[in-house]
Amino acid sequence: MTLTSIIFAGILTYLTRMTMIALISRDMLGDKIKAVLEYVPSAVFPAIIFPGIFINDFGTFIEMNDPKIFGALVAVIVGYFSKNIIATISAGLVSYWFLIFVVFN
Amino acid sequence: MFTKKQLFTRGMLDISPHMLSVIPFGIICGAIGVELGFHPYLVYAMSFIIFGGASQIVFLQLLSGGASSLVAVASVGIINSRHLLYGAVLSEYLEKLSFIKKLFISYVVVDQGFAESNKFFKKNRSEKFLHYHLIGTGCTMWVCWQIATLSGIVLGSFVPEELGLKFAIPLTFIAIVVQDLKKLDHVIVMITCGLSSLLFFDAPFKSYIIISPIIALFVAALLLRLKK
């Protein structure tokens, strides 16, 4: 029963991956649409970033002094100047840990 | 001109830093599935059949919370519908491939792989075997995701929960978009998307994940019109 649902979810997910790559040809998208598609990373990833920072595991908003906000700011600053993915992630995590284990403890 | 092997390796290298967040997250996903009371084989089957990060956790949480399978399946479809946008962007670079190759490559398109390969594609448009970069990012992600979820399933959550490693996921995506903060139009689009995602967070079937990008792309279209 659950396996059947997993297979359906898998097929659906695969279709979302495949449809635009395999079934749409370049000519079907006009220049205007292509220009807008340049913004896809900036238009999609914040929908993963913002809730990951500002909404907790229970689906409610965090307090404004939540360590995650500080960690994210540090990650943005380090990422902007270092242009390094590992440095960005580590800086965010370490500053977050510093607050939850050292400052707020 | 790069060779196929060089492009594949370059893809692997470009995505590997993201494994710092993907591997702990995969372990957490595997462990949560077992903790929620699902059979280990089923939890693992998802990594192979769905291969879709957060959507796997949502699926199991909904089912264990008493939601119908229809709701759970629909939610996975909606969460992963963002791949339609990735596909639309990538199609430009993959159009010369045969239909069969496109079908295989589609299976390994993931968020981080799309992001890194798209950055590479923009800089190297003239390369002949560009798709090997995407295969490199996708396969690296696939192997790491299988190993990580499997270890979470077998060993349980050996990553201490207090570390809050789920927070590494927003950080990985910050690393992806942070250089675009230099461009005002991108900043506006990002803020639109981010605020919309918070505003629509409670919309049914986790649809905020596709509603907010659509709103943000409309804003992008408006900005393009203003620029002219």
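**Fold of chain B and its contacts**

Read along the sequence, chain B of this predicted model follows the pattern α-α-α-α-α-α-α-α-α-α-α-α. The chain holds 12 helices and 0 strands. Its radius of gyration is 18 Å, and the globule rule gives 17 Å for 228 residues, so chain B is as compact as a globular protein of that length. The C-alpha trace spans about 55 × 45 × 35 Å along its principal axes.

Burial and contacts were then examined. Of the 228 residues of chain B, 53% count as buried. Contacts in chain B were taken between residues at least 6 apart in sequence, and 75% of these join residues at least 24 apart.

The domain assignment divides chain B into two parts. Domain 1 covers residues 4-168, and domain 2 covers residues 183-228. Taken over C-alpha atoms, the centres of domain 1 and domain 2 of chain B are separated by 23 Å. Contact between these domains involves 8 residues of domain 1 and 6 residues of domain 2. On the domain 1 side, two elements of chain B give two or more residues each: helix H5 (69-80) and helix H6 (82-94). H5(B) provides the largest share of that side, with 4 residues. By class, the domain 1 side that touches domain 2 of chain B has 5 nonpolar residues, 2 polar residues and 1 charged residue.

Chain B also meets chain A. Here, 57 residues of chain A are in contact with 76 residues of chain B. Six helices of chain A each supply at least two residues of the side that touches chain B. They are helix H1 (2-23), helix H2 (31-37), helix H3 (40-44), helix H4 (46-54), helix H5 (67-82) and helix H6 (85-103) of chain A. H1(A) gives the most to this side, with 18 residues. The side of chain A that touches chain B contains 40 nonpolar residues. A further 13 residues of this side are polar, and 4 are charged.

In outline, chain B is built with 12 helices and 0 strands. Its domain assignment gives domain 1 (4-168) and domain 2 (183-228). H5(B) gives the largest share of the domain 1 side that touches domain 2 of chain B, while H1(A) gives the most to the side of chain A that touches chain B.

Definitions and conventions:
Residues numbered from 1 in each chain as written. Chains lettered and ligands numbered in written order. Predicted model: local features only at pLDDT ≥ 70, side-chain atom pairs only at ≥ 80, totals over all residues. Rg over C-alpha atoms; globule rule 2.2 N^0.38 Å. Buried ≥ 20, exposed ≤ 12 C-beta atoms within 10 Å, placed from the backbone. Contact = placed C-beta atoms within 7 Å. Nonpolar A, V, L, I, M, F, W, Y, C, P; charged D, E, K, R; others polar. Domains from an automatic or database assignment.
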